[in-house]
Amino acid sequence: MKAALRAKAMLLDPSVEWTVIERESGDPAYLLSRYVAVLALVPAVFGVIGACVVGVVVPGTGLVRAALFDGFFGAIFGYAMAFGIVLILALVIDLLAPLFGGRKDFDSAFKLAAYSYTPVWLTGIFLLLPGLRFLTLTGFYGAYVLALGLPRLMKSPEQKSYGYAAVIVVCAGALTLIAAAMQGAVFHTAGL
């Protein structure tokens, strides 16, 4: 599996891609090393370039650049947090499955967590320029991608999948905001 091809398929035709993913092995170590490790680099790399080289607009102050040390270690922190978020989210998906009529299957839950985060990681490109940061909100397309994958991978009934997806999206949003706030507080850089 090529990460770029899978990411493209997840963005352009997720319903067809979930059918392909359903038949694949869900080995978490493989997904972490071959997919998450590649895509989580996008916000890390573009975030450090945007924070340290280009700068961030701070109201009342103007353009401010982060120190290279803060930007570099902030990017490493954000990169590591991406792995943690996917793991925690997979646990939440697996735990909630019976409540929404689905079946518990950690490998499928891990595939859902990893592949549904694709739009969020790819919006990390917008961390490069200060005027484009608001476009990171397009990462919410991942909620739609997740909702399409839940009936397929977790075998939840179609009518319960949107409620299931909403709970997971709230958890994912909270985890992402906590990680970004921690990164900002410790390293003074914007996180994703």
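A disulfide, for anyone new to the term, is a pair of cysteine sulfur atoms within 2.5 Å. In general, a disulfide is a covalent bond between the sulfur atoms of two cysteines. So how many disulfides does a search of the whole structure find? Zero.

Okay, a quick word on what we're looking at. This is a predicted model, where local features need pLDDT of at least 70 and side-chain atom pairs count only at pLDDT 80 or more, while totals for chains, interfaces and linings use all residues. Residues are numbered from 1 along each chain as its sequence is written, and side-chain values use heavy atoms, with hydrogens and water left out.

Let's stay with cysteines for a second. Is Cys-52 buried or exposed? Cys-52 has a relative accessible area of 12%, so it counts as buried. Here buried means under 20% relative accessible area, exposed means over 50%, and partly exposed is in between, using a 1.4 Å probe and protein chains only. Cys-171 comes out as partly exposed, at 26%.

Cys-52 also turns up in the surroundings of Arg-65. Arg-65 sits in the loop between strand E2 (62-64) and helix H5 (68-96). When I say helix or strand, I mean DSSP runs, numbered from the N terminus: H or I with at least four residues for helices, E with at least two for strands. If we skip neighbours within four places in sequence, Arg-65 is in contact with Ala-51, Cys-52, Val-53, Val-54 and Gly-55. Contact means heavy atoms within 4.5 Å. What does the side chain of Arg-65 reach at 2.8 Å? That's the backbone oxygen of Val-53. Looking the other way, Arg-65 and Ala-113 are 33 Å apart, C-alpha to C-alpha, with their positions 48 residues apart in sequence.

Now, helix pairs. Two packed helices are described by the angle between their axes and the distance between the axes. The axes are lines fitted to C-alpha atoms, for helices over the stretch in contact, and the angles run from 0 to 180 degrees between N-to-C directions.

Take helix H1 (residues 3-12) and helix H2 (residues 14-23): their axes come within 6 Å and cross at roughly 130°. H1 and H2 are therefore oblique to each other. For the cut-offs, angles under 35 degrees are roughly parallel, over 145 roughly antiparallel, 65 to 115 roughly perpendicular, and the rest oblique. On the H1 side, the residues that meet H2 are Arg-6, Ala-9, Met-10, Leu-11 and Leu-12, and their partners in H2 are Pro-14, Glu-17, Trp-18, Val-20 and Ile-21. That contact has eight nonpolar residues, no polar ones and two charged. Nonpolar here covers Ala, Val, Leu, Ile, Met, Phe, Trp, Tyr, Cys and Pro, charged covers Asp, Glu, Lys and Arg, and the others, Gly among them, are polar.

Next pair: helix H3 (residues 28-39) and H6, with axes that come within 10 Å and cross at roughly 10°. That makes H3 roughly parallel to H6. Among the residues that meet here are Leu-31 and Tyr-35 in H3, and Phe-110 and Tyr-115 in H6. The split for this contact is nine nonpolar, no polar and two charged.

Keep Tyr-35 in mind, and go to Thr-118 in helix H7 (residues 118-122). Thr-118 is buried, with a relative accessible area of 0%. Which side chain does Thr-118 join through a polar contact of 2.5 Å? The side chain of Tyr-35. A polar contact is a pair of N or O atoms within 3.5 Å; within protein, one must be able to donate a hydrogen and the other to accept it, and residues adjacent in sequence count only if both atoms are side-chain atoms. Beyond its neighbours within four places in sequence, Thr-118 is in contact with Ala-7, Met-10, Tyr-35 and Leu-39.

Leu-39, over in helix H3, is buried too, at 5% relative accessibility. Leu-39 touches Ala-7, Thr-118, Trp-121 and Leu-122, leaving out residues up to four places away in sequence.

Back to H6, which spans residues 106-116 and holds Ser-108. Ser-108 is buried at 7%, and a polar contact of 2.8 Å joins its side chain to that of Asp-105.

Two loop residues to finish. Gly-139, between H7 and helix H8 (141-153), is buried at 6%, and its C-alpha is 4.8 Å from that of Pro-119, 20 residues away along the chain. Lys-155, between H8 and helix H9 (158-187), has a phi near 60°, a positive value in a residue other than glycine.
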